Amino acid sequence: MQENSHKISAAQLFCILLLMRISAEIVYPTSGGFGGTGLAAALTAEVIRFVVALPVLIYSFKGRSFYAAIKRKNCFWGWASAIGAAVLLAWFVIRTLICSSQFAQRVLLNNISIWIIGALLSGFAVYATVKGAEALARSGVLFLAAAVIITLLVILADIPYMQFDRELPEWTTALFITDLIERLTRSGEYLVFAAFLPYVKDSGNAKSGTRSGAAGMWYAFAGGLSAVLLCVFFGAVLGEYQSMTEYPIAAAASMADIVLLKRLDGLTCAVWILAAAFRCGMLLFSMFSILGECRKKEESI
Amino acid sequence: MEKSVHTSLPPELPIDKSLAVNLERLKAFTGGSSDVIIKDGMLGGRSIAVITCEGMSDTDTLAQLIYSKLNNVDNKEQLPPDEIMERLFERYLIAAEQLEIANLGDLTLKMQSGFAIVLVDGCARGIAIGIQGYAARGVDEPSSQLNVRGSREGFVEVIRKNMALIRRRIKSPTLVFEMMVMGERSNTDICLCYLSDKVSPALLEDVKRRLKEVRLNTILESGYIQPFLEGSGGWFFSECGTCERPDSFAAKLYEGRVGILVDGTPFALTVPYLFIENFQTMDDYTQKPFYALFIRILRLTAYFITLFLPGAYVAVAAYSPEMLPSALILNLAAAEQTAPYSLMAECLLIHFMYEILREAGIRLPRPIGHAIGVVGGIVIGDITVNAGLVGAPMVLIVALSGLCSFVVPALYERTVLLRFIYILAGGIFGLYGIMLALGVIIIKMCSLNTYGVPYMSPISPFNPRSSRDILVRAGWRRLQKGDVTLQGLNGSHMSKE
């Protein structure tokens, strides 16, 4: 197997996946609303994602390129899966770009055209893609640290506003389905995970394969947990107002008025936008990486 | 040795048996330069000549070690030329540095380096005796890396003295100095320093390979060869550190780095150079760990202030005024009411003025330089505010940002440029622009690998072993439990060595 010259660690892979996930939860507008419907949709989406991604997760314990392995077994299916994944990733890139641009415009730049904001985000994503897997992994860890610190500070600052004894709204199946579909179409982390497998250090090695697999499993757990916790946090802080706000995190941040974060919601939003821009870069890189893996000659796979 | 423009004689031309011919050739080769001093004499019945370069050799040593000894030799005995040469080598002229020279190029180079050359008529070789002694600055406190505690010695311009300063700190047989001559015309002495048991062979080979690529005519400062030691990212981020302190230099060698001394400059180079090194000073290791932590946090904070404060101020005031308290907004509005330009233009203008004043202060003689500071800070600053060209808060922001930039001097050049970029980004796209610009810079820094070591290590990729000395500097009791070397850093091809 031909080794990639750029190598990342399994821990870095976990971090960038988690960052992508948190940014998706934050900058995508929610439709689930407050209460059990939203929470159920979040949990169901997690389970569905996990089940769909199970073959990738199981294969990751071998520590090799998932798409190249399919191609080796069957050229047609290899190409089909790679192109399918690339198309899906392209869709996620476009969707993330649109959502992030809208988020940036609504919370920070009301007077600037969304096209300009989107163009800047695209430029950033392309730059990140060009810099390669190592740069993405290393910077992703730093961005994750910033995003997690900011998010935790907002959560801490909002503790006085949290109420867990709110009256929950009635179950709405239509809302559940809408939210479930929305949640399922916002996340492409498992595709990214599969695309990044060949970049994990000493891929092919049984031990490092175990590390890659463990990173995937930990991500499945941490990603799901963060989605559910954010859902609970929004519900506890915003209550029924959650349904009225497009970006609950921005509303929660603006409520944070402890000394440290007083009036700094703009800054927290800027950090999340950076995380979203990074997410675009990751998705774009993965898209090209998958196609690149399948274009490699048979003997080099 | 380069070819002479005065004659067609090649530098590789062997020394002739005839002394007269050799002296003629030397004169022709050096163009009859007046600093070439030739002293004739007789020894063992043969003509000899002692050749020196004026100002490059120590005249006292020359008199004691060569003239006085040659005068005391019994001249009555007739000896063959080769016998005279043997005796000069083994009996008459015993010196610490004594080399045999065989060609015209070597002769000229050694003479111009401060050696005394002794030629004997009838012998096709000569002796070069090290009696270098030229006017040089004494060991003094370094000007750019001052410390509260620790050594007051800094590197000087003479490479041999610098080597001695390092040797005094590392009296170990593993410390290796490798001398080489670079610069086709300047023939500058370059010294590669490393600890053979700490350095990665791959790193050492890489440094030597890069140095071989240098084809400069003259090397007058270490900055001339620095770009050759940096990678593709070196155009902006320095992947090669400069060091003026022998103690810091020695500490870097202990960590497995390669040091490069260049004759004629007190600024030594070290590779590889990591981002975190910009925030570390010798004082961090002599003070208590809690204070070292405080100082490092202070430096980091100052760096962020100098980098982001002007841009963030412009961005917040222009796009997110809700982030400021209402009383402050009113004050700012009042201050900016009379200003004719936008906040961004004001910020750029005053920063530019500040940089002009700083540059003028550096280039002018010191007494006038101080006056420039007074004129710039008080007179120009006060008048621009009173004239309503800029708001008072903007002057405060620029002054604070300028002050903070001196806390991390190693990053000054980059900080200045980045500050302008962030002001533009903040002025045009608010906090969104600043964040994207910051993201680009972080990705760029994370993409750099200097000699196989990630530029951002041990922060990212994180290295738990090296984390004892990132922000928190562990106490010496913990640090003594194992050396932290570059080989231990993640993502490094050196770790495989």
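The following exchange goes through the chains, sheets, cores and interface of a predicted model.

Colleague: How many helices and how many strands does the secondary structure of chain A come to?
Modeller: From the N terminus on, the elements of chain A run α-α-α-α-α-α-α-α-α-α. The count for chain A is therefore ten helices and zero strands, with helices and strands taken as DSSP runs.

Colleague: What percentage of the residues in chain A is buried, and how far apart in sequence are the residues that its contacts join?
Modeller: Among contacts in chain A between residues at least 6 apart in sequence, 85% join residues at least 24 apart. As for burial, a residue counts as buried if 20 or more other C-beta atoms lie within 10 Å of its own, and of the 301 residues in chain A the buried ones make up 54%.

Colleague: Which element gives the most to the side of chain A that touches chain B?
Modeller: In this interface, 29 residues of chain A are in contact with 23 residues of chain B. The elements of chain A that give two or more residues to that side are α5 (114-157) and α10 (265-295). The residues on the chain A side divide into 20 nonpolar, five polar and four charged. With 13 residues, the element that gives the most to this side is α5(A).

Colleague: Into which domains is chain B divided, and what distance separates the centres of domain 1 and domain 2?
Modeller: The division of chain B, which comes from an automatic or database domain assignment, gives domain 1 (19-130), domain 2 (159-285) and domain 3 (295-447). Taken over C-alpha atoms, the centres of domain 1 of chain B and domain 2 of chain B are separated by 34 Å.

Colleague: In the chain B sheet that contains β1, which strands stand at the edges?
Modeller: This open sheet is formed by five strands in the order β1-β2-β4-β5-β3 of chain B, with antiparallel pairing, and its twist averages 25 degrees from one strand to the next. Helix α1 (residues 19-29) of chain B packs on the sheet, where it touches β1, β2 (46-53) and β4 of chain B, and its direction makes about 20 degrees with that of β2(B). Each edge strand pairs on one side only, and the two in question are β1 (36-43) and β3 (98-101) of chain B.

Colleague: Which residue in β5(B) stands opposite F115(B)?
Modeller: Strand β4 (residues 115-120) of chain B and strand β5 (residues 126-130) of chain B run antiparallel and are joined by five bridges. Opposite F115(B) in β5(B) stands G130(B).

Colleague: Why do β6 and β8 of chain B each have one side without a neighbour in their sheet?
Modeller: The five strands of this open sheet, antiparallel in their pairing, follow the order β6-β7-β9-β10-β8 in chain B. Because β6 (175-182) and β8 (241-243) of chain B stand at the edges, one side of each is left free of a neighbour, and each has a single partner strand.

Colleague: Which helices pack on that sheet, and what angle does each make with β7(B)?
Modeller: Helix α5 (residues 159-169) of chain B touches β6, β7 (188-195), β9 and β10 of chain B, and its direction makes about 10 degrees with that of β7(B). The other helix, α8 (residues 246-254) of chain B, touches β7, β8, β9 and β10 of chain B, and for its direction the angle with β7(B) is about 55 degrees.

Colleague: Is A268(B) buried or exposed?
Modeller: A268(B) lies in strand β10 of chain B, and among the residues that it touches are N162(B), C243(B), F249(B) and G259(B). Although A268(B) and F249(B) are 19 residues apart in sequence, they are 7.9 Å apart in space, C-alpha to C-alpha. Because 26 other C-beta atoms lie within 10 Å of it, A268(B) is buried.

Colleague: Which element contributes the largest share of the largest nonpolar core?
Modeller: The largest nonpolar core has 182 residues, and those with the most contacts inside it are L19(A), I273(A) and Y432(B). This core draws at least three residues from each of domain 2 (159-285) and domain 3 (295-447) of chain B. A second, separate core of 28 residues includes L43(B), I66(B), L88(B) and V118(B). In the largest core, the largest share, 19 residues, comes from α10(A).

Note on methods:
Residues numbered from 1 in each chain as written. Chains lettered and ligands numbered in written order. Predicted model: local features only at pLDDT ≥ 70, side-chain atom pairs only at ≥ 80, totals over all residues. Contact = placed C-beta atoms within 7 Å. Helix = DSSP H or I, 4+ residues; strand = E, 2+ residues; numbered from the N terminus. Nonpolar A, V, L, I, M, F, W, Y, C, P; charged D, E, K, R; others polar. Buried ≥ 20, exposed ≤ 12 C-beta atoms within 10 Å, placed from the backbone. Pairing = 2+ DSSP bridges. Axes fitted to C-alpha atoms, helices over the stretch in contact; angles between N-to-C directions. Core = buried A, V, L, I, M, F, W, Y, C linked by C-beta atoms within 7 Å. Lists of a residue's contacts leave out its neighbours within four places in sequence.
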